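Dear colleague,

I am handing over the structure we spoke about, and you will find it just below. My notes on what was found in it follow after that.

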Amino acid sequence: MSEIHELTGLELAAAVRNREVSPSEVADHALDRAERLDPSIGAFVTPTPELAREQAAEAEVLLRDTRTGDELPPFLGVPCPVKDLAMVAGVPFRSGSAALGDFVAPADDGVVTLLRQAGTLMIGKTNTPEFGLPPYTEPDIAPPARTPWDTSRSAGGSSGGSAAAVAAGIAPIAHGSDGGGSIRIPASACGLVGLKPTRGRVSPGPYRPEGAGLASNGVLTRDVRDTAALLDVLSHQWPGDLYVLAPPRTTFLDACERDPGRLRVGLLTTPVIVDGAPVDEACLAAAVRTARLLEELGHQVEPAPVPFTAERWDSFESVWSVLALSAPIPPEHEDLLLPLTRWLREKGRSISALEYASALGLIQTTTREAAATWAAYDVILSPTLAQLPAPVGSQRDDADPAGDFARQMAFTPWTSVWNLTGWPAISLPLETAPADGVELPVGVMLGGRHGAEETLLSLAAQLEAARPWRDRRPPAW
């Protein structure tokens, strides 16, 4: 058998089911790698070795008492850390902020319940920026999260810690969440697969409301099939869910084995939310080379128009600032917040009820316009990011939070389009580019129609087979 950390989540689950390796061995291996590698990558804010070993022992009892592998949870014995924007019962929950103090979660969030039921081992809470607001992971309460490909550069955000943990081979899978690109951004920076599901595919329940519907839970993985199999785990409905989708034909994992057929693909290389945002040539080239590969695979590719004017994105900014304001911060702890968070909260306070309602309405109108503009396409292809992974410290600017936010927009001129519409989008690590003497990952993003995860996963699996990335590993390996 390969080294434990070389296996995908599905491969490791199969090895556990076949008794080739025990859950305790897996837990010890992951925890040892975390202890050795985390000081250089900043993946974790709260390691949970006791919980992981307890879950591993429970998994071994289940293995001993179960006759066939078919009766076992699908990811039994597989390490899966959880981003510190989700509650894990009995574990500190700080959301990247000093303002929450030493609060300990009283219960598991729904996605954590599902990951437990799937048999995963919770080896720790992963690093995130304050309340997941920026696309870099540089909180005050923990060291920055760094991409294992070049630890002078950021792992992205806001699921930066999860991405760093997976890219470094600490865990094959990790929980993440995406409100403006927060799974896809670190997936690109760390050379991983990152899917933002359709709004309503992964419920925030049972304890959290849907709110504006911008964010979705998901995972970061090293291959497409792990992402698909975990979507099967997480696409669970809770009573009272506001958004409900039809299930897949069979499973999302099955979709990876299907030929996607001949698709019509729109290539979008013009920045959407910022007019004239500078785009690194390596990011453009990655999208163009992927377009050529899609043509070689038999798909029809043509230029796609920008779906709406950059000014329309102001509705996202309004809702985003109100979301920042809604974080439950005791007034006496407001001064513990970072300047960016305080700036966003002040913007939120300045927005009237009518302006907020108008912003939500404009988001819906913009979604309709995007659907009409892109009606001819099955998939939209673009770079994931406008730039290569950013040097740590180059994006956060406490002295100028407005400038900080403007740079965030220019860095991510495509990702939040899919949060506005609520449609699915996936970043794939199809390319690399040289920079400062090292090869850096460059993500390419595929976006689909409402509820079209099966199409995206089928196409992503086809691309993975045509241009494999499994043997590309960062120096941390």
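In this predicted model, S382 is buried, with a relative accessible area of 3%, a value that falls under the 20% taken as the limit for burial. The residue lies in strand 9, and, leaving aside residues up to four places away in sequence, S382 touches L268, A287, W414, V444 and M445.

One of these contacts, A287, is also listed among the buried residues of helix 9, together with A282, C283, A285, A286, T290, A291, L293 and L294. The buried residues of that helix pack against strand 7 (264–267), strand 8 (300–303), strand 9 (379–383), strand 10 (425–435), strand 11 (438–448) and helix 15 (453–466). As for its length, helix 9 covers residues 281–296, and its 16 residues should span 22 Å at 1.5 Å a residue, which agrees with the 22 Å between its end C-alpha atoms. At the N-terminal end, D280 acts as the cap of helix 9, with a side-chain oxygen placed 2.8 Å from the backbone nitrogen of A282; what follows helix 9 is G298, whose phi is positive, near 100°.

Turning to the aromatic residues, the structure holds seven aromatic pairs. In the pair of F316 and W320, the ring centres are 5.3 Å apart and the planes meet at 20°, so this pair counts as stacked, the cut-off for stacking being under 30 degrees. Both residues belong to helix 10 (residues 314–325), where, being four residues apart, F316 and W320 are separated by about one helical turn. F316 is buried, as is W320, and the two join W313, W343 and F405 in one aromatic cluster. Elsewhere, R33 lies over the face of W477, at 5.8 Å from the ring centre.

Finally, there is an open sheet of three strands, in the order 1-3-2 and with mixed pairing. Strand 1 (44–47) and strand 2 (82–83) stand at its edges with a single partner strand each, so that one side of each has no neighbour in the sheet. Strand 2 pairs with strand 3 (residues 124–126) in the parallel sense, over two bridges, and K83 stands opposite T126 of strand 3.

With best wishes

Definitions and conventions:
Residues numbered from 1 in each chain as written. Predicted model: local features only at pLDDT ≥ 70, side-chain atom pairs only at ≥ 80, totals over all residues. Heavy atoms only, no water. Phe/Tyr/Trp six-rings, centres within 6.5 Å; stacked < 30°, edge-to-face > 60°. Buried < 20%, exposed > 50% of the residue type's maximum accessible area, 1.4 Å probe, protein only. Lys NZ or Arg CZ within 6 Å of the ring centre and 35° of its normal. Pairing = 2+ DSSP bridges. Expected span 1.5 Å × (residues − 1). Contact = heavy atoms within 4.5 Å. Polar contact = N/O pair within 3.5 Å; in protein donor to acceptor, adjacent residues only side chain to side chain.
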